[in-house]
Amino acid sequence: MVGQLSDRVLLVDDEPLVRRLISGYLVAAGYVVRVAVDGLDALGKLREGLPDLIISDLNMPRMSGFELLDVVRQRFPQIPVIVISGVAADEMPEGVAADAYYHKNGFGFDQLLRTVSDLTRKPPLRTAAPRVDNKPVWARWDGNGHYTLNCEDCLRSFSVPRAPNMGRDEKLTLCVHCGRTVQFLTSDGDPQDPALP
Ligand SMILES: [Zn+2]
């Protein structure tokens with residue numbers, strides 16, 4: 001039950017004690033472990049490189065494990081995810097699309113290691129999604145002075161005020177949620193666009 005040299009695990013939990021305990025076990029078993037304190041922090045870690053497996057808590061500030069799972073399934077469906085929760089349940093909580101469920105207080109670490117080992121050795125469960133990096137997104141005019149954008153990193157939407165002379169060129173802004181630079185194009189829907197005749 002020893003991890004292979006290349007097996008990298010991203011552990012996401014807002015409780016320092018849980019991070020320390022589980023990462024200690026995983027490192028002792030031979031895994032390379034990175035930790036994140038919540039979903040948004042995890043997305044930042046994913047930008048630096050993709051792990052072979054994600055272990056994530058569900059209830060966390062800023063971005064929960066539920067939302068993180070959604071984002072990972074859409075953007076990195078090839079990465080298996082184990083959900084860990086303090087809530088006692090024999091089975092996966094309803095509505096959670098994880099590959100395995102681990103109850104923090106109810107299961108032994110041996111079982112977690114077995115699950116990690118099983119999931120990292122299996123051939124990928126799903127094929128990778130095409131990369132969307134550096135592709136500008138279309139901004140939607142909200143009819144009230146703002147454009148609505150979808151961040152392709154955290155998949156949340158936010159709005160930016162329309163600046164005078166924005167023009168039609170590609171523009172840059174920062175996602176208010178995750179801090180990622182978003183390139184966007186403004187649509188033709190803005191009736192106040194000075195570029196319109
Ligand atoms: Zn974002």
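## Briefing: a loop serine, an open sheet and a core

S64 sits in the loop that links β3 to α3. The model is predicted. The chain has four helices and 10 strands. Of its 197 residues, 28% are buried.

**S64 and its surroundings**

- S64 counts as partly exposed because 17 other C-beta atoms lie within 10 Å. A buried residue would need 20 or more, and an exposed one would have 12 or fewer.
- Which residues does S64 touch, leaving aside those up to four places away in sequence? They are G39, L58 and N59.
- D38 is 26 residues from S64 in sequence. In space, the two are 6.8 Å apart, C-alpha to C-alpha.
- R62 is found in the same kind of place: the loop between β3 and α3.
- R62 is partly exposed, because it has 13 C-beta neighbours inside 10 Å.

**The order of elements**

- Starting at the N terminus, the elements follow the order β-α-β-α-β-α-β-β-α-β-β-β-β-β.
- Take the contacts in the chain with a separation of 6 or more. Residues 24 or more positions apart account for 56% of them.

**The parallel sheet**

- In what order do the five strands of the open sheet lie? The order is β2-β1-β3-β4-β5, and the pairing is parallel.
- The edges are β2, residues 32-36, and β5, residues 100-103. Each of these strands pairs on one side only.
- From one strand to the next, the twist averages 20°.
- β1 covers residues 8-12 and pairs with β2 in the parallel sense, over five bridges.
- Within this pair, L10 stands opposite R34 of β2.

**Helices on the sheet**

- Helix α3, residues 65-75, packs on the sheet. Its contacts there are with β1, β3 (53-57) and β4 (81-85).
- The direction of α3 makes about 155° with that of β3.
- Helix α4, residues 109-121, also packs on the sheet. The strands α4 touches are β1, β3, β4 and β5.
- The direction of α4 makes about 165° with that of β5.

**Helix α2: one buried face**

- Helix α2 spans residues 39-48. Its residues G39, L40, A42, L43 and L46 are buried.
- Why do the buried residues of α2 line one face of the helix? Seen down the axis, they fall within an arc of 155°, so they share one face.
- β1, β2 and α3 are among the elements that cover the buried residues of α2.
- After α2 comes G49, which has a positive phi near 160°.

**The nonpolar core**

- In soluble globular proteins, nonpolar side chains tend to be buried together.
- How many residues are in the largest nonpolar core? There are 41.
- V9, V12, I54 and I55 have the most contacts inside this core.
- The core draws on two domains: domain 1 (8-121) and domain 2 (137-186). Each gives at least three residues.
- I54 touches L10, V12, V72, I79 and V81, with residues up to four places away in sequence left out.

**Two antiparallel hairpins**

- β7 (residues 146-150) and β8 (residues 157-161) pair in the antiparallel sense, over five bridges.
- T148 stands opposite S159 in β8.
- β7 and β8 form a hairpin, with six residues between them.
- β9 (residues 171-174) and β10 (residues 181-186) also pair in the antiparallel sense, over four bridges.
- V182 in β10 is the bridge partner of T173.
- β9 and β10 form a hairpin too, again with six residues between them. In its turn, G179 has a positive phi of about 85°.

**Positive phi outside glycine**

- Most residues other than glycine have a negative phi.
- R62 is not a glycine, yet its phi is positive, near 65°.
- L155 is not a glycine either, and its phi is positive at about 65°.
- Where does L155 lie? It is in the loop between β7 and β8.
- Is L155 buried, partly exposed or exposed? L155 is partly exposed, because 16 other C-beta atoms lie within 10 Å.

Definitions and conventions
Residues numbered from 1 in each chain as written. Predicted model: local features only at pLDDT ≥ 70, side-chain atom pairs only at ≥ 80, totals over all residues. Pairing = 2+ DSSP bridges. Axes fitted to C-alpha atoms, helices over the stretch in contact; angles between N-to-C directions. Contact = placed C-beta atoms within 7 Å. Core = buried A, V, L, I, M, F, W, Y, C linked by C-beta atoms within 7 Å. Domains from an automatic or database assignment. Arc of directions from axis to C-beta.
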